[in-house]
Amino acid sequence: MESITIDGEPVAKGRPRVTRTHTYTPAKTKKAQKVIKEAIIEKCKDDDLFPYQLTCPVYLEVRFYHKRPKRLMRKKDPDGLILKETKPDLDNLLKLVKDAINDSGWWYDDKHNTTLLCQKDYAAKGEDPKTIIDLYININITED
């Protein structure tokens with residue numbers, strides 16, 4: 001499968017909020033999850049087999065590019081990517097993506113994700129924030 005690019009600042013999965021009467025998911029989380037889900041569906045909509053509901057091992061590669069802060073825009077700062085070691089946490093960013101993949105029907109459940117490569121960076125100078133998702137069926141070929 002080709003890359004799926006979601007433009008805009010990456011969003012982490014928000015914790016459920018509890019009131020006296022009910023529990024709800026923050027609106028920002030719901031919106032971001034819906035955007036990713038719709039991007040996956042749009043990418044796969046022309047395939048007659050979609051939704052795949054895959055139940056085989058899946059390899060997931062996700063790259064989060066956050067907006068570069070002004071403090072890293074000086075001439076002496078590198079032009080390329082810079083690793084981001086601040087919040088949001090990588091696992092919370094990834095959780096939102098995996099939940100959106102569940103919602104899209106690409107795989108049956110995120111338990112099928114057996115291999116993962118994930119990274120968060122500040123975008124290169126002049127680049128906009130985005131999330132890039134690559135989904136692959138994880139095929140291991142062994143020789144006897």
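Thr 29 is buried, with a relative accessible area of just 2%. You'll find Thr 29 in helix 1, in what is a predicted model. Leaving aside residues up to four places away in sequence, Thr 29 touches Ala 12, Lys 13, Gly 14 and Leu 96. Let's start with the whole protein and then work through its parts.

**The big picture**

- Two helices and seven strands make up the secondary structure of the protein.
- If you read along the sequence, the pattern goes β-β-β-α-β-β-α-β-β.
- The C-alpha trace spans about 55 × 50 × 30 Å along its principal axes.
- How much of the protein counts as buried? The answer is 38% of its 144 residues.
- Take the contacts with a separation of 6 or more: 85% of them come from residues 24 or more positions apart.

**Where the two helices meet**

- The axes of helix 1 and helix 2 come within 8 Å, and they cross at roughly 55°.
- Are the two helices parallel or oblique to each other? At that angle they are oblique, because roughly 55° is neither under 35 degrees nor in the 65 to 115 range.
- The crossing of helix 1 past helix 2 is right-handed.
- On the helix 1 side, the contact is made by Thr 29, Ala 32, Gln 33, Ile 36, Lys 37, Ile 40 and Ile 41.
- Helix 2 brings Leu 96, Val 97, Asp 99, Ala 100, Ile 101, Asp 103 and Ser 104 to the contact.
- Sort the residues of this contact by type and you get eight nonpolar, three polar and three charged.
- Our opening residue shows up here again, since Thr 29 belongs to the helix 1 side and has Leu 96 among the residues it touches.

**Backbone oddities in the loops**

- Most peptide bonds are trans, and most residues other than glycine have a negative phi. Here are some exceptions to look for.
- Phe 50 and Pro 51 are joined by a cis peptide bond, with omega at about 5°.
- Pro 51 sits in the loop between helix 1 (27–44) and strand 4 (58–66).
- Gln 53 also lies in the loop between helix 1 and strand 4, and Gln 53 has a positive phi of about 50° although it isn't a glycine.
- Is Gln 53 buried or partly exposed? Gln 53 is partly exposed, with a relative accessible area of 36%.
- Another cis peptide bond runs from Lys 87 to Pro 88, with omega near 5°.
- For Pro 88, look in the loop between strand 5 (82–83) and helix 2 (90–104).

**Cysteines without partners**

- A disulfide is a covalent bond between the sulfur atoms of two cysteines.
- How many disulfides does the structure hold? The count is zero.
- Cys 56 is in no disulfide, and the nearest cysteine sulfur, that of Cys 44, is 14 Å away. Compare that with the cut-off: the two sulfurs would have to be within 2.5 Å to count as a disulfide.
- Cys 56 is partly exposed, with a relative accessible area of 23%.
- Why is Cys 118 not bonded to Cys 44? The closest cysteine sulfur to that of Cys 118 is the one in Cys 44, and it's 19 Å away, so the gap is too far for a bond.
- Cys 118 is buried, with a relative accessible area of 18%, which means it falls under the 20% cut-off.

Definitions and conventions. Residues are numbered from 1 along each chain as its sequence is written. This is a predicted model: local features need pLDDT of at least 70, side-chain atom pairs count only at pLDDT 80 or more; totals for chains, interfaces and linings use all residues. Side-chain values use heavy atoms; hydrogens and water are left out. Buried means under 20% relative accessible area, exposed over 50%, partly exposed in between (1.4 Å probe, protein chains only). Helices (H or I, at least four residues) and strands (E, at least two) are DSSP runs, numbered from the N terminus. Axes are lines fitted to C-alpha atoms, for helices over the stretch in contact, and angles run from 0 to 180 degrees between N-to-C directions. Angles under 35 degrees count as roughly parallel, over 145 as roughly antiparallel, 65 to 115 as roughly perpendicular and the rest as oblique. A crossing is left-handed if the near helix is turned anticlockwise from the far one by less than a right angle, and right-handed if clockwise. Contact means heavy atoms within 4.5 Å. Ala, Val, Leu, Ile, Met, Phe, Trp, Tyr, Cys and Pro count as nonpolar, Asp, Glu, Lys and Arg as charged, and the others, Gly among them, as polar.
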